[in-house]
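Work through the exercises below with the sequence and the structure side by side, and try each task before reading its solution.

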Amino acid sequence: MSDTTQTGPMRAADGTPLKKSLARALRRQKLRALMLIAPLLIFILVTFIAPIADMLFRSVENQIVADTLPNTVRALKSWDPETGELPGEPVFAGLAVDLQTAAELKIHTKLGSRLNYESPGISSLFRQSGRKVDDIGKEFQKRFVALHPAWKSGETWAALMGSDEWLEQARGWSRDQGPEPRFRLRKSAANALPRTGEVYLAFARDVQGTGRKAVSAEKPWPVLFTALAQDLGQASPEDIAAIDGPAAPLVQQAAAAISSFEPYSYRDAFIQMDKAWGEIGTWEVIKLYSPRYTPAYFLNAVDLELTPHGIEPAPENERIYLKLFWRTLWMSLLITFCCLALGYPVAWLLANLPSSKSNLLMILVLLPFWTSLLVRTSAWKILLQQQGVINDVLVWLGLIDDANRLVMINNKFGTIVAMTHILLPFMILPLFSVMKTIPPTYLRAAKSLGATPWTAFWRVYFPQSVPGIGAGSILVFILAIGYYITPELVGGTQGVFISNRIAYHISTSLNWGLAAALGSILLAAVLVLYYTYDKIVGIDNVKLG
Amino acid sequence: MFDDKTGADAAFVEFDRVQKSYDGETLVVKDLNLSIRKGEFLTMLGPSGSGKTTCLMMLAGFETATSGEIRLAGRPINNIPPHKRGIGMVFQNYALFPHMTVAENLAFPLEVRGIGKSEREEKVKRALDMVQMGDFAGRRPAQLSGGQQQRIALARALVFEPELVLMDEPLGALDKQLREHMQFEITRLAHELGITTVYVTHDQTEALTMSDNIAVFNDGRIQQLAPPAVLYEEPMNSFVAQFIGENNTLLGTVKEIKGDTCLVQLDHGELIDARPVNVSKPGDRTRVSIRPERVETNKARLQPGAHTLKAQVLEFIYMGDIFRTRLRVAGNDNFIVKTRNAPDQVRLQPGTEIEIGWLPQDCRALDA
Ligand SMILES: Nc1ncnc2c1ncn2[C@@H]1O[C@H](COP(=O)(O)OP(=O)(O)O)[C@@H](O)[C@H]1O
Ligand SMILES: [Mg+2]
């Protein structure tokens with residue numbers, strides 16, 4: 001009654017504003033709907049979105065250099081390759097610590113393989129140097145032990161670097177209590193001796209990770225002595241004096257003695273280890289790939305190279321990717337067109353035959369789905385090969401000479417034939433479902449208006465089947481552009497697609513970054529095509545049923 | 001399209017002993033003979049499945065006659081493909097091409113005939129104005145209401161000036177009011193343009209209001225071909241009597257035939273007068289048929305000596321313009337009487353016993 005006179009907002013029966021209670025009801029509805037699709041949403045997120053995101057990330061990611069050689073990369077910042085001179089001693093000093101640590105952790109070969117993509121041969125440099133690099137550490141170990149024999153002992157190191165609290169906990173620990181209490185750095189020591197702190201932390205984590213021994217029972221890594229020598233040479237006297245704990249006197253004594261150490265050239269040690277360390281090219285590569293993100297994979301994917309002197313075309317004999325992209329593109333288009341040309345009449349028959357006959361035809365169309373892809377592809381091998389059925393028949397008919405059997409497999413032709421066959425149902429089904437909705441009266445109407453059967457088809461039937469053509473073509477094209485198995489089996493070298501190259505980098509060369517970059521470009525190409533299609537034909541015009 | 005050598009009254013469309021079977025087992029159209037004059041509006045009326053559409057499709061050329069001959073302007077057309085027949089057609093679901101605008105739809109038949117652009121546009125405009133849809137040339141069919149689509153379909157079938165137009169239940173999808181309006185429009189256009197029309201419907205009111213002649217179809221045969229008034233008032237058999245309008249029937253046996261009246265003994269025992277239509281000799285079984293509005297409840301208005309029947313009033317329904325009274329007559333509980341709502345009209349009370357009668361010529365003795 002009062003509704004007509006009321007001036008404020010409309011209210012629900014319980015007095016809350018109508019808008020609010022409506023929103024609440026809708027929200028509850030939406031939430032329930034969301035919960036219903038949650039499993040699917042999570043599934044898609046985990047199996048689709050996440051891998052794509054990971055791929056996009058991997059195609060530019062390059063953390064490994066900075067993570068494995070942190071000190072080297074930092075020192076390299078101030079080195080300019082243009083000067084033509086080798087990097088200075090600090091770079092080699094950093095490398096001494098980084099490479100020894102990496103070798104102890106056995107991660108130096110990984111870095112070697114990564115850099116090997118950019119500069120072939122560098123992986124053996126890392127592998128071989130990794131084996132010898134602790135000679136440097138051993139040299140310094142000798143010097144420290146000469147100062148005081150206690151340096152040999154793991155307990156000395158634990159007392160120096162471990163925090164008081166941790167030392168307390170670790171003292172009471174025995175193996176049957178489970179894992180040793182987690183190692184903590186002594187603040188004052190880490191402050192005065194930063195490199196040593198980092199290395200010792202890595203050492204302690206490594207020991208505790210295996211869990212076999214107490215940190216203090218493990219023989220210290222030789223690299224610790226290298227790091228300690230470098231730190232002591234640079235630390236300020238106040239920081240050294242501030243070091244506390246049981247091993248403080250020992251390290252203060254070493255600090256006092258450090259200036260009396262015989263001069264040591266890290267650079268000479270490395271160059272002696274391997275001549276390659278004395279080559280400027282090696283350092284250029286390391287510097288070039290030291291940033292955490294790199295466009296190099298993408299450049300490689302389009303036949304370019306990142307060089308110290310800018311972006312340059314790859315060597316002639318390595319330029320394969322653009323050719324492969326181009327081939328993938330035009331062959332996919334050709335396959336799509338073949339599918340359309342073959343599928344359109346079949347779909348028309350399916351939609352217009354009486355149901356008893358169209359059901360049989362539908363089974364024939366779907367039959368390929370019930371046969372393994374491998375079986376179908378192998379069947380094409382049997383048919384198309386030079387000693388195969390088709391060649392035999394042609395020879396028997398006398399159409400070709402026995403000596404000149406046609407090469408129909410392991411080339412583009414084989415790929416096109418086999419893939420057209422395999423993707424045909426993906427064209428026929430969307431076409432069929434659209435044609436099914438076009439009533440036959442349209443054709444009759446057109447004919448009654450005076451159109452010849454062809455005009456009736458072309459002007460009336462065909463335009464209405466365009467959404468099906470669009471849907472089928474997009475489906476087939478996108479499937480074709482990423483197809484892998486069939487080109488691999490029947491494509492030979494001339495008929496392979498970009499996806500085969502991606503698979504090669506994933507499973508054989510293990511260059512995942514390049515594989516990811518190639519994949520990202522493929523994805524982008526599909527999206528661009530999709531966008532143009534939308535602009536030209538309109539995606540609303542695509543109908544799957 | 002067809003040079004007209006025939007006179008005005010000669011047959012323009014002829015079905016000559018046409019038969020049609022789809023499956024080779026049953027005949028959907030059995031021995032169809034029909035001739036349609038030029039300018040005639042002929043309706044094929046019949047229940048669903050009686051073969052009307054099949055006949056139309058044979059005429060349009062989308063189905064071939066299994067035997068017999070169809071002639072158009074004297075020429076057999078069995079072997080002429082549909083697009084060369086020059087017959088306009090309106091389909092039940094209109095079949096307007098959804099991807100073309102209204103104007104493009106209308107231009108289509110002109111375009112395929114190779115008519116030039118300016119002439120085309122003029123004809124399209126004239127056709128649209130003819131159905132009062134001049135403002136809708138740029139619309140798509142999906143943007144039109146059912147009635148508007150109907151008009152466009154009509155205009156499209158007429159725009160290339162065919163001499164024969166076929167319509168298969170064109171108003172089936174419209175609501176009652178619109179249907180009545182379109183019935184009027186279609187007949188007006190057909191007569192103004194002087195085109196021959198074959199119209200298919202299962203709605204008897206539509207057939208009665210629109211046609212020059214109605215062919216009543218049942219079971220693949222024409223049951224009766226006659227103008228609407230004749231069909232209604234003088235049905236030739238009991239199917240037509242039942243199918244067209246409302247009808248009371250009583251079963252009986254012919255006693256004697258005297259000229260244009262006969263005496264029928266009903267199965268209930270009573271004797272009545274009737275006009276013999278489908279009976280030839282005494283002893284024939286017959287179904288007599290009387291229209292509800294021809295039954296007289298006021299004895300004073302009957303001819304002296306006319307046979308009357310006792311009736312019991314079962315139900316009285318007030319329908320505004322008329323009264324509808326249900327009676328029990330000669331064992332038939334569904335005997336309907338319609339009376340005009342006039343000031344002196346008696347309203348019969350249920351339960352009362354009355355006597356009813358009719359003029360002998362209104363009571364037709366048909367086949368049983
Ligand atoms: N294309 C066809 N194939 C087989 N039988 C058909 C076909 N079209 C119609 N029929 C049959 O022919 C009979 C007459 O159909 P139809 O001419 O459409 O009747 P109406 O239009 O009077 O309702 C029906 O029994 C129908 O089942
Ligand atoms: Mg029909």
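**Exercise 1.** Which elements of chain A and chain B do the buried residues of α23(A) pack against?

*Solution.* The model is a predicted one, and this should be kept in mind throughout. Begin with the helix itself, which spans residues 441-448 of chain A and in which Y442(A), L443(A), A445(A), A446(A) and S448(A) are buried. Next, look for their neighbours: the buried residues of α23(A) pack against α24 (453-481) of chain A, and also against β6 (87-90), α2 (102-112) and α4 (146-158) of chain B. Finally, follow the chain beyond the helix, where G450(A) has a positive phi, near 110°.

**Exercise 2.** Describe the contact between the two chains, and find the three residues of chain B that supply the greatest share of its buried area.

*Solution.* Count the residues on each side: 22 residues of chain B are in contact with 17 residues of chain A. The two chains bury about 1800 Å² between them, and 67% of this area is on carbon and sulfur atoms. Of the area that chain B buries against chain A, 31% comes from F62(B), H83(B) and F108(B), which is more than any other three residues supply.

**Exercise 3.** Place strand β9 of chain B among its neighbours, and decide whether the strand is enclosed or open.

*Solution.* Take one neighbour at a time. Strand β3 (residues 41-45) of chain B pairs with β9(B) in the parallel sense over four bridges, and along this pairing M44(B) stands opposite A215(B). With strand β10 (residues 221-226) of chain B the sense is antiparallel, and five bridges join it to β9(B); here N218(B) has R221(B) as its bridge partner. β9(B) and β10(B) form a hairpin with two residues between them, and D219(B) in the turn has a positive phi of about 55°. As for burial, five of the six residues of β9(B) (residues 213-218) are buried, so the strand is largely enclosed by the rest of the structure.

**Exercise 4.** Trace the aromatic pairs made by F144(A), and work out which parts of chain A they tie together.

*Solution.* Over all chains the count of aromatic pairs comes to 34. One of these joins F144(A) and F225(A), with 5.9 Å from centre to centre and 40° between the planes, and it is tilted. Since F144(A) lies in helix α7 (residues 134-147) of chain A and F225(A) in helix α12 (residues 223-234) of chain A, the pair ties together parts that are 81 residues apart in sequence. F225(A) has 0% relative accessibility and therefore counts as buried. Turning to the second partner, the ring centres of F144(A) and F261(A) are 5.4 Å apart and the planes stand at 75°, so this pair is edge-to-face. F261(A) lies in the loop between α14 (248-257) and α15 (266-273) of chain A, so its pair with F144(A), which is in helix α7, ties together parts 117 residues apart in sequence. Both F144(A) and F261(A) are buried. These rings belong to one aromatic cluster, whose members include W151(A), W157(A) and Y200(A) along with F144(A), F225(A) and F261(A).

**Exercise 5.** Which charged residues lie over the faces of F12(B) and Y232(B)?

*Solution.* Over the face of F12(B) lies K38(B), at 4.4 Å from the ring centre. For Y232(B), the residue over the face is R291(B), at 4.0 Å from the ring centre.

Notes: Residues numbered from 1 in each chain as written. Chains lettered and ligands numbered in written order. Predicted model: local features only at pLDDT ≥ 70, side-chain atom pairs only at ≥ 80, totals over all residues. Heavy atoms only, no water. Buried < 20%, exposed > 50% of the residue type's maximum accessible area, 1.4 Å probe, protein only. Pairing = 2+ DSSP bridges. Phe/Tyr/Trp six-rings, centres within 6.5 Å; stacked < 30°, edge-to-face > 60°. Lys NZ or Arg CZ within 6 Å of the ring centre and 35° of its normal. Contact = heavy atoms within 4.5 Å. Buried area = accessible area lost by both parts, 1.4 Å probe.
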